[in-house]
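Me: I've got this one open on my screen. Can you walk me through it?
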Amino acid sequence: QVRLVESGGGLVQAGGSLRLSCAASGSIRVINDMGWYRQAPGKQRELVAEVSFGGSTNYVDSVKGRFTISRDNAKNMVYLQMNSLNPEDTAVYYCNVHVTSWEYRLLEFWGQGTLVTVSA
C-alpha cells in the first residue's frame, strides 16, 4: 500500500500564492507519473498538472503560466506552486500518483485532498 499526505492548502486572497506538497510513502519501487487534480463544488474532478518521472510536465490551460508542478524523486514528493490565484481556483486539490510496486504491479493512489479557498 501507498500513503499520500498532502499539505499546504488554506485561505488566500485573490492574487496570492500557495504551495501544495504531497509526500508518498509505502511499498514503492518507482513512482511514475505524479499529479494534482482539483474538484470545485458542483464540478467534476479535473487534472490540474502532472509530471513524469523524467520531469516532463503537463498543465490544464487555465493554470498555465501561474502554477508550477515539481517533484523530488529522492523524497517521493510532489509540489504545486500556485501563483496569481483567483476565486475560480477554489477547490479541493488531490494528489495522484502512479507507482510500480515491488511486485511490479502498476497501481494508482489518491490523497485525501486539501482545500484551497481563494477570496475575491
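Me: Quick one to start. What does R45 lie over?

Reply: R45 lies over the face of Y94, at 3.7 Å from the ring centre. Keep in mind that this is a predicted model.

Me: And R19, which ring does its charged end sit over?

Reply: The ring of Y79. The charged end of R19 is 4.1 Å from the centre of that ring.

Me: OK, rings with rings now. How many aromatic pairs does the structure hold?

Reply: One. The partners are Y37 and W110, with ring centres 4.9 Å apart. Their planes are at 65°, which is over the 60 degrees needed, so the pair counts as edge-to-face.

Me: Where do those two sit in the chain?

Reply: Y37 is in strand 4 (residues 30–39) and W110 is in strand 10 (residues 106–110). They are 73 residues apart, so the pair links distant parts of the chain.

Me: What's the accessibility class of W110?

Reply: Partly exposed, with a relative accessibility of 35%. That value falls between the 20% limit for buried and the 50% limit for exposed.

Me: Which residue is its bridge partner?

Reply: W110 in strand 10 is bridged to N96. Strand 9 and strand 10 run antiparallel, joined by five bridges.

Me: What's in the turn of that hairpin?

Reply: Five residues lie between strand 9 and strand 10. One of the hairpin's residues, Y104, takes a positive phi near 65°.

Me: Stay on strand 9. Is T100 buried or exposed?

Reply: Buried. T100 has a relative accessible area of 11%, and the cut-off for buried is under 20%. T100 belongs to strand 9, which covers residues 91–100.

Me: What is T100 in contact with?

Reply: Leaving aside neighbours within four places in sequence, T100 is in contact with I28, R29, V30, N32, R105 and L106.

Me: Let's switch to the core. Which residues touch the most other members?

Reply: W36, L80, M82 and Y93. The largest nonpolar core has 31 residues. Nonpolar side chains tend to be buried together in soluble globular proteins.

Me: Which strand gives the largest share of this core?

Reply: Strand 9, with five residues. Other elements giving two or more include strand 1, strand 5 (46–51), strand 8 (77–82) and strand 11 (114–119).

Me: What's around Y93?

Reply: Not counting residues within four places in sequence, the contacts of Y93 include W36, L80 and M82. Also among them are E6, L20, F67 and V116. Y37, from the aromatic pair, is in contact with Y93 too.

Me: Next, the open sheet of four strands. What's the order?

Reply: 1-3-8-7, with antiparallel pairing. Strand 1 (2–7) and strand 7 (67–72) are the edges, each pairing on one side only. Neighbouring strands are turned by 15° against each other on average, direction ignored.

Me: How many bridges between strand 1 and strand 3?

Reply: Six, in the antiparallel sense. Strand 3 spans residues 18–26. As an example, V5 has A23 in strand 3 as its bridge partner.

Me: Last one, S52. Where is its place?

Reply: In the loop between strand 5 and strand 6 (57–59). S52 is buried, because its relative accessible area of 19% is under the 20% cut-off.

Me: What does S52 touch?

Reply: N32, D33 and R71, not counting residues up to four places away in sequence. From S52 to G35 is 8.6 Å in space, C-alpha to C-alpha, and 17 residues in sequence.

Conventions. Residues numbered from 1 in each chain as written. Predicted model: local features only at pLDDT ≥ 70, side-chain atom pairs only at ≥ 80, totals over all residues. Heavy atoms only, no water. Pairing = 2+ DSSP bridges. Axes fitted to C-alpha atoms, helices over the stretch in contact; angles between N-to-C directions. Buried < 20%, exposed > 50% of the residue type's maximum accessible area, 1.4 Å probe, protein only. Contact = heavy atoms within 4.5 Å. Phe/Tyr/Trp six-rings, centres within 6.5 Å; stacked < 30°, edge-to-face > 60°. Lys NZ or Arg CZ within 6 Å of the ring centre and 35° of its normal. Core = buried A, V, L, I, M, F, W, Y, C linked by side-chain atoms within 4.5 Å.
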